[in-house]
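Me: I would like to go through the labels attached to this structure and see what each one rests on. Please set values against definitions.

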Amino acid sequence: MDDFLAARSQMALSLGFHIIYACIGMVMPFFMAVSHYKWLKTNNEVYKHITKAWSKGVAIFFATGAVSGTMLSFELGLLWPKFMEHAGPIFGMPFSLEGTAFFIEAIALGFFLYGWEKLNKWFHWFTGVVVGVSGLASGILVVAANAWMNSPAGFDYVNGEYTNIDPIKAMFNDAWFTQALHMCLAAFTATGFAVAGVHALMLLKKQHNDFHYKSFKIAATFATICALLQPISGDISAKDVAQRQPAKLAAMEALYKTEKPAPLIIGGIVDEKNKTVSNYIELPGALSFLAHGDFNAEVKGLDQIPEDEHPPVAITHYAFQIMVGLGSVMMLISIIYFFILWRKKTILTSKWLLKLFVFAIPLGYIALEAGWVVTEVGRQPWIINGIMRTIDAVTPMPGIAWSFYLFSAIYFSLSLIVIFLLYRQIKMVPVLYKSSNIDQ
Amino acid sequence: MEQIVIAFLCLAILLYFLLGGADFGAGIIELFTSTKNRSRTRKTMYHAIGPVWEANHMWLIIAIVILFVAFPRIYTTMSVHLHIPLAVMLIGIIARGTAFVFRHYDAVKDDMQWLYNRIFRYSSFLTALFLGIIAGSVLSGKVDPDATNFADAYIFSWFNWFSISVGLFTTALCGFLAAIYLIGECKTEEDQKRFIKKAKYMNFAAVVFGAMVFFSAAMEDVPLMNWVVYNKVGLMAVILASLSLVLLWYLLLKGRTQILRILAGFQVTMILVAISYAHFPNFIRLKGGGVISLYNTIGPEKTVQSLGWALVLGSFLILPFLGYLFYKFQQKEE
């Protein structure tokens, strides 16, 4: 494996894992705050148990999220020093604010986890809310930094020099809002479906019904609402990308030739050598509509972009298909869920619906990862879109492949342990949260 | 604004050494605790650092963010030439950070604890060691941007007697800080005695490794003597550190735990002042006499200004909240 590929793989791996840990750590506190609130309001101990059970998950994911995030803040330099040398002062603003938000989150988490019976109960609840809000703020800020790489702003690039630097303009670049919105909704959808699915599974196993039923409802509500909102945000993002990064959009849809009107293709096998796609379903004019809001608009194909600026088409296209496909599945499940709620059927009696949620456990995260592949691979060969190529940013140190293997091993074993720990937490629910055993 | 950003950088580095260092030290103490006392040590430790655990490590993030936003050349030079020790330190941070949380949140307490404990102890040692090695390498004058072969560019920049001595010295100091901190958290006199003993060992180790730092500095041509003996402030700091040590041992016999912590913190602060004051604002000493200084690598004005504001405003939010956290969980439970 050559060093450049190794560096890219290591970065992708680190981000891929961090995204999952961070999303769970960012979203779960909101679920927790809801059930905590219900406990304080209703005095129903089940809600207290749910809050405590979830808070253990949060502690585990926060720790993994924090260390993998620390890792990333170093990795940017370890792998892409030339990028950081120029980009650091420009897009550093969201990172410095994120540092603050993250710090507050860590402090609030200390209060929350250790504050049971020690703090005023509403202050205690509030610290839980602070964990969620500052976590979400961190997430938005980090995505804003990533958005800058897609949509560089806040500097002039003249003769290879970066001048006239304005970090505030860089932070509020054109892509920050659409990307952050899409990411946050994705985080809530993915985590909501995963959590709801796990509790649905326990309901199917007839374990500790009330506990899992109430947990399921909180998580499913977040998940389904966000899954229904996501297509709107996706549409805004698509129009944005069409305008700003036509190469990325063309790769997403494997559009080799500029067309007017351009069809949307579903599925298909990409042949990168011959620049063709086969075996797809075609929706005439749909891509024109999605990208420009007009069924007859012209959509730029890869033929209008110099060949050495093409992103890897097949990966981007497949990832995009996976993201949209799974997003649609989750949207459908959400519609079914609301339909059943509306018909006042209780969820507990419809086993097939619970099974549907169990099936959906991994879907959100797969879609989320696929979405990141679209953003990151679709931006290639650029690290700063149109300004700096990824290959020019890589570290001069040889032997990165070894580092990649080592960190892969670490991340995989870490994930195995996390899954194992969660499995044990869930398995122990009936023991830990019996009414006689509340102070575990 | 420049000054404010630099002040925050120094503060973040100092607090990471003190608070993060005490955390590493807790693992190091556990490593050097006899098997029969380990579970007690662990309990005291968990009690003491559990609530502030995550917050202590945020100082590293703050320091690193300041470096890459405002001093990108320092950040990238370290990233390139100290890639290997940084990667090792990161592995340590990942391993100990997760093992500490996992061993507490594993719903079933079984043989897995054995694994978490092992990981926690050894990686705490490793992290402190490499943190020190990195600090030593920055000062060592072995970082060589013009190196043409792998070993000179990426290995000998940190693999030298001076860096390794600083690493060992740091490890001992971390253990010392943790032992002093934990004395105040003990519930029984017996435990207290054990930590006093630990503090003594760690102190002794620090003195030995400290001497090694001076020897290796002479061997590797690091002008350490010029910084700490022939510089007024440096000398003053060394004298204060020594005096506070004497006072610390005197008070230890009296059991004044709060003052002990302050003294131990003061002592480590003085050591950092002693080795950094004389060559401030220089940050990295390069091979062949060059330096990378804070002033001549600082980023563009607007960046520094907005970073400065972010830090000032951020600290208004963080510091009171953090102070309350430390205060709230320090009161001993009856």
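Me: Why is A:K214 called buried or exposed?

Reply: A:K214 counts as buried because its relative accessibility is 16%, and buried means under 20% relative accessible area, exposed over 50%, and partly exposed in between, with a 1.4 Å probe and protein chains only. The model is predicted: local features need pLDDT of at least 70, side-chain atom pairs count only at pLDDT 80 or more, and totals for chains, interfaces and linings use all residues. Residues are numbered from 1 along each chain as its sequence is written, chains are lettered from A and ligands numbered from 1 in the order in which they are written, and side-chain values use heavy atoms, with hydrogens and water left out.

Me: What makes A:D210 and A:K214 a salt bridge?

Reply: Their closest N and O atoms are 3.0 Å apart. A salt bridge is a side-chain nitrogen of Lys or Arg within 4 Å of a carboxyl oxygen of Asp or Glu, so the pair qualifies. A:D210 and A:K214 are four residues apart in helix α7 of chain A, and therefore separated by about one helical turn. Helices here are DSSP runs (H or I, at least four residues), as are strands (E, at least two), numbered from the N terminus. A:D210 counts as partly exposed, at 36% relative accessibility.

Me: What separates A:R244 and A:D240 in helix α7 of chain A?

Reply: About one helical turn, because they are four residues apart. Their side chains form a salt bridge at 2.7 Å, N to O. A:D240 counts as buried, at 15% relative accessibility.

Me: Where in chain A do A:R389 and A:D308 lie?

Reply: A:R389 is in strand β6 (residues 388-389) and A:D308 in the loop between α9 (286-292) and α10, 81 residues apart, so the pair links distant parts of the chain. The closest N and O atoms of their salt bridge are 3.2 Å apart. A:R389 is partly exposed at 22%, and A:D308 is partly exposed at 49%.

Me: How many salt bridges are there over all chains?

Reply: The count is twelve over all chains. B:E30, B:R103 and B:R121 are linked in a network of them.

Me: Why is A:L332 called buried or exposed?

Reply: A:L332 counts as exposed because its relative accessibility is 52%. A:L332 is in helix α10 of chain A and belongs to a nonpolar surface patch with about 910 Å² of accessible area together. Such a patch joins nonpolar side chains (Val, Leu, Ile, Met, Phe, Trp, Tyr) within 5 Å, and like charges within 9 Å, from residues with over 30% relative accessible area and no salt bridge. Areas come from the Shrake-Rupley method with a 1.4 Å probe, and for residues only the protein chains shown count as cover. The largest share of the patch, five residues, comes from α7(A).

Me: How many cavities of 30 Å³ or more are counted?

Reply: The count is seven. A cavity is a set of points on a 1 Å grid over the protein atoms alone where a 1.4 Å probe fits but cannot get out; lining residues have an atom within 4 Å of a point. Points are joined across faces, edges and corners, and a volume is the space filled by probe spheres set on them. The largest cavity has a volume of about 150 Å³. Of the 14 residues that line the largest cavity, the closest to its centre are A:A66, A:V67, B:E54, B:H57 and B:I93. α2(A) gives the most to that lining, with four residues.

Key
On a 1 Å grid over the protein atoms alone, a cavity is a set of points where a 1.4 Å probe fits but cannot get out, and a pocket is an open set with protein on both sides within 12 Å along at least five of seven lines; lining residues have an atom within 4 Å of a point.
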